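Reader: I am new to this structure and would like a guided tour. Could you take me through it one question at a time?

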Amino acid sequence: MSGADGRIAGVRRSSSAGRPAAGGRAPRQRAGDAEQLGFEGMPERLFVCTPSKLGAYADCPRRYRYSYVDRPAPPKGPPWAHNSLGASVHTALKNWYALPADRRRPDALATLLKGTWVREGYRDDEQERAAYRRALGWLEAYVETLEPDSDPLGVERVVAVKTAVLAFNGRADRIDSRPGPEGPELVIVDYKTGRSGLDADDARGSQALALYAYAAERVFRRPCRRVELHHLPTGTVAGHDHTVESLARQLTRAEDTARDIMAAERAVADGADADEAFPVAPSPRCGWCDFRRHCPAGAQAPGKEPWAAMDRPADG
């Protein structure tokens, strides 16, 4: 934007313009000869993130690099059947709540699930059909526990918040509004279709749920301390009631992870070795990693077939 004197905001002319040089000759003014003002005092850029982005780095910095830093990113392996199953169930529940209240009946679920069914990753048609029947049974049992005429505050709702370090956003499966001692309180609900044995410690330790709660409280301006994992295969609920302090600890942990990521990204931009900046963290998860074939450490782990999780007890 130009001011009345013709100067461009944020730019000042070089102080040497129009002055005689040491040899007595005035330097020739060039069009656009300008000096960019510095940005001292400007805040550090925020780290834009989701729970999955933070979780990828916490699990293995190398996997984070393959997913978010390397361009072009290495091609992923084939799709996983258990991810297809989970996505199908989540979308069916989302569409369940999109129905008018008088149509939210168990007999609507077969149509909803067929309409959202993801077929990728299964070993064969027989395994896929068995997975569909299993998922339908989970959904029918689960909706029996719901009030069909009660609408959550949010379904697949994006919540976002900024801190001094983070620009966080995430999509919560469900946000309920429930009566509290001092008025309505929010509850974060996360659907699970995978491993069994989830308990209160899993809910308490989930950084994703804590960040959803922290963000939801600020978006809706209502207290949000309760987080729940709803495990559809077993019909169990694992919950935890956070405090202001415990949410703050989870937020601090997320900010520390973000600082580590930004430091690693700066190091690579400055010429550091990417493998050293984003080291591999070998673990049993290597066999399930999308980038196992591109990672020297991961390639040493036995690979899993895309449908392997479907054969594990109580997994979905």
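Reader: Which residues have the most contacts inside the largest nonpolar core?

Author: Happy to start there. This is a predicted model, in which local features need pLDDT of at least 70 and side-chain atom pairs count only at pLDDT 80 or more, while totals for chains, interfaces and linings use all residues. Residues are numbered from 1 along each chain as its sequence is written, and side-chain values use heavy atoms, with hydrogens and water left out. A nonpolar core is a set of buried Ala, Val, Leu, Ile, Met, Phe, Trp, Tyr and Cys residues joined through side-chain atoms within 4.5 Å; the largest one here has 38 residues, and those with the most contacts inside it are Phe-47, Leu-166 and Ile-188.

Reader: Which element gives the most to this core?

Author: Elements here are DSSP runs numbered from the N terminus: helices (H or I, at least four residues) and strands (E, at least two). Among those that each supply at least two core residues are β3 (47–49), β5 (166–180), α7 (207–220) and α8 (244–269). With eight residues, the one that gives the most is α7.

Reader: What does Phe-47 touch beyond its neighbours within four places in sequence?

Author: Contact means heavy atoms within 4.5 Å. By that rule, and leaving aside neighbours within four places, Phe-47 meets Lys-53, Leu-54, Tyr-64, Val-165, Leu-166, Ala-167, Ala-258, Ile-261 and Met-262.

Reader: How many residues does the other core have?

Author: It lies apart from the largest core, and Val-89, Ala-92, Leu-113 and Val-143 are among its members. Its count is 28 residues.

Reader: Is Ala-164 buried or exposed?

Author: Ala-164 is found in the loop between β4 (154–162) and β5. Leaving aside neighbours within four places in sequence, its contacts are Leu-46 and Glu-255. Buried means under 20% relative accessible area, exposed over 50%, and partly exposed in between (1.4 Å probe, protein chains only). Because its relative accessible area is 73%, Ala-164 is exposed.

Reader: How far apart are the C-alpha atoms of Ala-164 and Phe-47?

Author: Along the chain, the two are 117 residues apart. In space, their C-alpha atoms are separated by 9.4 Å.

Reader: How much space lies in the second largest pocket?

Author: On a 1 Å grid over the protein atoms alone, a pocket is an open set of points where a 1.4 Å probe fits, with protein on both sides within 12 Å along at least five of seven lines; lining residues have an atom within 4 Å of a point. Grid points are joined across faces, edges and corners, and a volume is the space filled by probe spheres set on the points. For the second largest pocket, that comes to about 350 Å³.

Reader: Which element supplies the largest share of its lining?

Author: The lining has 21 residues, and the closest to the pocket's centre are Tyr-142, Thr-145, Leu-146, Arg-174 and His-230. Elements that each supply at least two lining residues are α5 (125–143), β5, β7 and β8 (236–241). The largest share, four residues, comes from β5.

Reader: Is Tyr-191 buried or exposed?

Author: Tyr-191 is found in strand β6. Its contacts beyond four places in sequence include Tyr-142, Arg-174 and His-230. Since its relative accessible area is 3%, Tyr-191 is buried.

Reader: Where is the proline that follows a cis peptide bond?

Author: The cis bond runs from Arg-71 to Pro-72, with omega near 5°. Pro-72 is found in the loop between α2 and α3 (81–98).

Reader: Which residue with positive phi is found in strand β4?

Author: Arg-221 has phi near 55°, a positive value in a residue other than glycine, but it is found in the loop between α7 and β7. Another non-glycine residue has a positive phi near 50°. The one in strand β4 is Glu-156.

Reader: What is the mean pLDDT of the protein?

Author: pLDDT is the predictor's confidence in each residue, from 0 to 100. Over residues 1–38 the pLDDT is below 50. Where pLDDT is low, the predicted coordinates should not be read in detail. In the protein, 85% of residues reach 70 or more, and the mean is 87.
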